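Subject: Model for you to look at

Hello,

Here is the structure I promised to pass on. Please open it first, then read my notes below.

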Amino acid sequence: METFKIIMMATLALVMIISAVMAVVSKKMPLAILASGAISLLASVFFLVLASPDVAMTEAAIGAGLTTFLFFIILRKTEQNSHENEK
Amino acid sequence: MKMRNSIAIALVLIFGIFLFRIFEYHHTSTSLNNSATYYNTNAPAEVGTANVVTAIVVTYRGLDTLGEVTVLFLTALIIGYILKQKNREKSVVNYTSEILITAVNILIPASIILGVYVFINGHLTPGGGFQGGAIIATGIVLLILSNPSKLMNMKVLHFIESISGFTYILIGLAGLLFAGGFLDNRILPLGNIGNLLSAGAIPIIYSLIGLKVGTEISSILASINETKENTIKP
Amino acid sequence: MSLTIDKIALILGMALMLTGLWGGFTQKNLLKIILSFSIFDTGLNILIVALGYLPGRTAPIIEGEVVTQENLALVAIDPVPQALVLTAIVIGFGITALMLVFALKMNQDKKTLDINQFNDLKW
């Protein structure tokens, strides 16, 4: 049981590190924003396994929900500005 | 560009060496240290909550929470001032699908009830003001998404936020007059651990914090949504 | 070195912090820089919560028969890092929102998001 938990957490940690590198390196913005949302969601699972349900709830509501929405709405407002410039 | 990249990698590696010292020095302990033992043994009896983290956030380190509420208020103020517009008009974007509008009509009351439940029961189960406020803000964000051309009633949001913040300070001062100190929760009776009406003034304080945080985040997102796309400032 | 969950969380937190810092130094798009700072915040919060974990124990909340008021100091973990991280997550969101609104205003002024174009303060 203990080793199963350790293997599962190591796999989640590997997925999070790969998502972080992908978020920084990729050229398309929506992919990077979705990768950072996935990092926040998996971090919420990590907080639950580390026996902190308060922090897990806060990270899921604020990190995975509101921050991703904030990035997308700013992306939309700035892309419309840049497209006006290129026309 | 090559030199800039190599300087960046060098700085990151130096920071990584500092972090590695933390990893080397840390050993997994098997018993709590002194302050954690004090909080775990005395918090349910002194403060009256079942959730020790709530007791720490609201009463033992209540001034940190006051500072956090102040920082969020300042952020909402600055964003509302920067994105101010003289004449608010409806934007022309109004093409959303029927499925979204119908689903949002069901989801908004459910998410507001869930948010209110989370911050009222903050002293019994995991949860509290910040989590409940974020859930309420998610419900109002769904309102913005389903109907992007409709203007949000900012006066109601600002009124709820101001009244919540002001009442929070008044309860803190009442703790100074009637109980041990600023933001003491013993102005109301402590009751039994596990009941809804227990832990003194903590349910009231957390409800006010939840409403304040929820309406602040909603007003930030509504201000960003209403900026026009191609305004040119001279 | 025995591999427990908090050591995995420690390594993960450090890796996320280094990735976010590297992204903040080398990227050109303004939104990418802000995204890297958000990843740095998440990594730092994981690091702080991992420092307060004790193996084999549970969350510091009284419930039912397992965790009662008497044995809370023997079966629960340290509650102080959780209270600090709760504040840190909310303030990190506020700072990210402020940075993004400033990026929006800068974009309205110069119509681009490339950070090499903003050289008004250089001399």
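Which residues have the most contacts inside the largest nonpolar core? They are A:Leu50, C:Ala9 and C:Ile46, and the core has 107 residues. By nonpolar core I mean a set of buried Ala, Val, Leu, Ile, Met, Phe, Trp, Tyr and Cys residues joined through C-beta atoms within 7 Å. A residue is buried if 20 or more other C-beta atoms lie within 10 Å of its own, exposed if 12 or fewer, and partly exposed in between, with C-beta atoms placed from the backbone.

Some housekeeping before the details. This is a predicted model, where local features need pLDDT of at least 70, side-chain atom pairs count only at pLDDT 80 or more, and totals for chains, interfaces and linings use all residues. Residues are numbered from 1 along each chain as its sequence is written, while chains are lettered from A and ligands numbered from 1 in the order in which they are written.

Back to the core. Leaving aside neighbours within four places in sequence, C:Ala9 is in contact with A:Phe46, A:Leu50, C:Ile46 and C:Ala50. Contact means that the C-beta atoms of two residues, placed from the backbone, lie within 7 Å.

Chain A

Chain A has 3 helices and 0 strands. Helices (H or I, at least four residues) and strands (E, at least two) are DSSP runs, numbered from the N terminus. The radius of gyration of chain A is 16 Å, against a value near 12 Å for a compact globule of 87 residues. That radius is taken over C-alpha atoms, and the globule rule is 2.2 Å times the number of residues to the power 0.38. Along the principal axes, the C-alpha atoms of chain A fill a box of roughly 60 × 25 × 10 Å. Of its 87 residues, 44% are buried. For contacts in chain A between residues at least 6 apart in sequence, 38% join residues at least 24 apart.

Helix α1(A) covers residues 2-25. From first C-alpha to last, its 24 residues reach 35 Å, close to the expected 34 Å. The expected span is 1.5 Å times one less than the number of residues. Buried in α1(A) are A:Met9, A:Ala13, A:Met16, A:Ser19, A:Ala20, A:Ala23 and A:Val24. An α-helix has 3.6 residues a turn, so residues three or four places apart point the same way. The cover over the buried residues of α1(A) includes α2 of chain A, plus α1 and α2 of chain C.

Helix α2(A) has 21 residues, which should span 30 Å, and its end C-alpha atoms are 31 Å apart, which agrees. Its buried residues include A:Ile33, A:Gly37, A:Phe46 and A:Phe47. After α2(A) comes A:Ala51, with a positive phi near 60 degrees.

The two interfaces of chain A

How many residues of chain C are in contact with chain A? The count is 43, meeting 42 residues of chain A. On the chain C side, α1, α2 and α4 (80-110) each supply at least two residues. Helix α4(C) gives the most, with 13 residues. That side divides into 27 nonpolar, 12 polar and 4 charged residues. Here Ala, Val, Leu, Ile, Met, Phe, Trp, Tyr, Cys and Pro count as nonpolar, Asp, Glu, Lys and Arg as charged, and the others, Gly among them, as polar.

With chain B, 18 residues are in contact with 16 residues of chain A. The elements of chain B that give two or more residues to this side are α6 (129-146) and α8 (202-225). Helix α6(B) gives the most, with 7 residues. The chain B side splits into 10 nonpolar, 7 polar and 1 charged.

Chain B

Chain B has 8 helices and 0 strands. Its radius of gyration is 23 Å, where a compact globule of 234 residues would have one near 17 Å. The C-alpha trace spans about 60 × 55 × 35 Å along its principal axes. Buried residues make up 35% of the 234 in chain B. Of the contacts in chain B with a separation of 6 or more, 69% are between residues 24 or more positions apart.

Two residues to check by eye: B:Leu183 has a positive phi near 60 degrees, and so does B:Ala199. B:Leu183 is in the loop between α7 (154-178) and α8 of chain B. B:Ala199 is found in the loop between α7 and α8 too. B:Leu183 counts as buried because it has 25 C-beta neighbours inside 10 Å. B:Ala199 is buried, with 31 other C-beta atoms within 10 Å.

Best wishes
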